[in-house]
Amino acid sequence: MRPPRPPWDFGYAPVPTAAGDDDGGPLDVVVALRGAVAPGAVAAALSARWSAVEVERVIERPPIFWLRVRSPDRGRRVEVAAALSAAALPARYVASARRPSAAVAPRFDASAGAAARPDGWTARGASYEDDPVTPGRWFLRDEEGGIGVDRRRCGGGAGMRLGVIDDDAWAADALGLDREVLVMIEHPPRSQPHGSFMVAWAVGSRRPGGFRGVAPDASPRLYLIPKPGSCVLALPVAIVQAVSDGADVVVCAAYVEGSTTPMLDDALEFAARLGRRGRGCPVVFPTGREASSPPESLHASFSLGFGEPASDPRVFCVGPGARGDGWFLWRDRRGRSRPFANRGPAVRWLAPGDDLTCPLPPASGAAPASSAAPVSGAAPESGAVPVSGAAPASGAAPESGAAPESGAAPVSERLCHAESSGASALAAGVLLLVLSRNPALRLPELDALVLRTLAPVPPAAPASAEPIADPWDVLPAGRDRDGHNAKHGYGRIDAGRACLAAGDPIALALLLIGEDAAARAWHDARAAGPLARGLYSRRLARWAVRALLADPSLCHGVCALARHARLTAGDAARRRAHGAGVILRQLSVLVRGLAASRQAPAPAPRVRDEVAALLDGLERSATDAAAVQAVESRFGELADAVFADAAERGARQGAA
């Protein structure tokens, strides 16, 4: 008898991706300096020891100063560092430009660098177009495991900027890019559509009648890097470049396994501390798909290595979800379900990765011969539908003339597996929507807001996935106490909830207590009704959301007020039972807590003045019986409107 398997356990054995160290071979290193140094000075310091030294400036953007040094002569990195130190050149570290390393870069002084701001990157305005309703666009909807985009309340991401890092982009001319940036390559690769798909799913294409992505009003740039295996420097350079250019969100779904380096450490630190005007730029990676078998096992592990870029705690690691619910599984030729993504402790969120509408048309009526960037791992069995990345040809077989949904116009669309690449693009689009609702959110606040509005995902495989090819494939079978599962992370990202919560503290509280319909009703009341709209400004609302995310006691108080409103909606007797003046008292205490909170971010002067004015008004009202009654009456009106179902239920109970 074997001991029972813990609910968190699975075959956790990633594919080895770390190449052998090249220390001691011909020099090809990155020298990270503490300040700007002329390449000639570095060449002079090293030429006494190595011949034909070539020094190339890679990045000079405080606090990051990288030079690439090459020589045909052999040498060790410690020797390079010693030669630079002897020449009084301020080197932070010396790392290989071609091989990965788990070494952590020495800290840099972020205060020495300016916060990143948009540099010639034009933002787009709102388009006010309707999203087509087609079967393959299920991923935008609230049901079927979609991300719940509600255009009326989520908007289209106007004013936001997306940086997509990839290594191929066939049909990029159909995307309406702000710019295409080549990173360490001379010509844009045009053999596969992987990068173009990432842009299109996240944002869309700008041709007439083109595909509308998650955030169709955001402005995308595409940063093209070399194919994997040539060097490990291009990825961190692209991240620093995109963040410096002013990206609000960066997503990289290209194959980057085995490219962890001290330079990547610098790049992610730069994004977190100086990106997005100093608020922090989110960087999104997919889980990827790497199949291997642990020693003495016949089971595939599908494990995300803890040393891979997607496992970095500063990265938002996204896995693929199925249409319906759960983890994305595919059917082999025998009809058995198999996984298509890695699992691991670093997985954050799930986003749709099942059959999505192919967002770009095939060339001359046919898809390109090969599709997305290669995804390593076990190939599908002979006779199975081959899937590689998010591609129209090597992906799932296209479905032409798919039946339209009820009420939708006839459509002809092709479907393809998006996998974790497409899931990361959709997640990046959601982050753009959320930040457009509240651009003041700092990176930890954005993380907390998305986390608290996720849709939970059952850890067990759904019945629709049966039969499972190997039960080990869908482990772990349980969730940790904090809700995390190695397949699903903390849950499925929900754009509708996150956008509502980002812009208003009352909506945030209503969502936290599970009243999604009430949160939507409150948003609509604020948008259309003078009573709700006049309570506080949008500026104050956005700051108050950040305050609630930072201050648990304050958040509890607002949630308690929302629960009280739910319990008393449509029931005047219940309101009277709590005594006159209690609502005014609770409001005064909450606004006073907002003004005095030590956890809340420092308010701007106009926000601080508005909070003070609100508090003064509430305190004056407390001395006037008529004003107290007016506050109680208006609170009841708003509660009845927001909790309409509860009010109607109370009326029915009263009549009975």
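In this predicted model, strand 1 and strand 4 (residues 91-96) run antiparallel and are joined by five bridges. Within this pairing, V31 stands opposite V94 of strand 4. Strand 1 also pairs with strand 3 (residues 64-74), again in the antiparallel sense, over eight bridges; here L33 faces F65 of strand 3. Strand 1 itself, spanning residues 26-33, is mostly covered, with seven of its eight residues buried.

Further along the chain, seven strands make up an open sheet with parallel pairing, and their order is 6-7-5-8-9-10-13. The edges are taken by strand 6 (179-182) and strand 13 (349-352); each has a single partner strand, so one side of each is left without a neighbour in the sheet. From one strand to the next, the twist averages 30°. Inside the sheet, strand 5 (residues 161-166) and strand 7 (residues 219-224) run parallel and are connected by six bridges, and G163 has R221 of strand 7 as its bridge partner. Helix 4 (residues 194-202) packs on the sheet, where it touches strand 5 and strand 7, and its direction makes about 160° with that of strand 5. Helix 7 (residues 419-437) lies across strand 5, strand 8 (249-252), strand 9 (283-286), strand 10 (315-321) and strand 13, and runs at about 120° to strand 10.

The loop between helix 4 and strand 7 is also worth a look, as it holds S205. The relative accessible area of S205 is 8%, and because residues under 20% count as buried, S205 is buried. Leaving aside residues up to four places away in sequence, S205 touches A174, L175, G210, F211 and L360.

Two helix pairs come next. The angle between the axes and the distance between the axes describe two packed helices. For helix 13 (residues 538-550) and helix 17 (residues 605-621), the axes come within 10 Å and cross at roughly 95°. Helix 13 and helix 17 are therefore roughly perpendicular to each other. Their contact brings R539, L540 and W543 of helix 13 together with R606, V607, E610, V611 and L614 of helix 17. By class, this contact of helix 13 with helix 17 comprises five nonpolar, no polar and three charged residues.

Helix 16 (residues 582-596) and helix 18 (residues 625-642) form the other pair, packing at an angle of about 85° with their axes 8 Å apart. Helix 16 and helix 18 are therefore roughly perpendicular to each other as well. On the helix 16 side, V582, I583, L584 and L587 take part, meeting V628, V631, E632 and F635 in helix 18. The residues of this contact of helix 16 with helix 18 divide into seven nonpolar, no polar and one charged.

A word on confidence completes the picture. The average pLDDT of the protein is 88, and 90% of the residues score at least 70. Two stretches call for care in reading the model. Over residues 365-411, pLDDT stays under 50, and the model has 128 contacts beyond four places in sequence for this stretch. Over residues 652-656, pLDDT likewise stays under 50, and here the model has zero contacts beyond four places in sequence.

Note on methods
Residues numbered from 1 in each chain as written. Predicted model: local features only at pLDDT ≥ 70, side-chain atom pairs only at ≥ 80, totals over all residues. Heavy atoms only, no water. Buried < 20%, exposed > 50% of the residue type's maximum accessible area, 1.4 Å probe, protein only. Helix = DSSP H or I, 4+ residues; strand = E, 2+ residues; numbered from the N terminus. Pairing = 2+ DSSP bridges. Axes fitted to C-alpha atoms, helices over the stretch in contact; angles between N-to-C directions. Contact = heavy atoms within 4.5 Å. pLDDT = per-residue confidence, 0-100. Parallel < 35°, antiparallel > 145°, perpendicular 65-115°, else oblique. Nonpolar A, V, L, I, M, F, W, Y, C, P; charged D, E, K, R; others polar.
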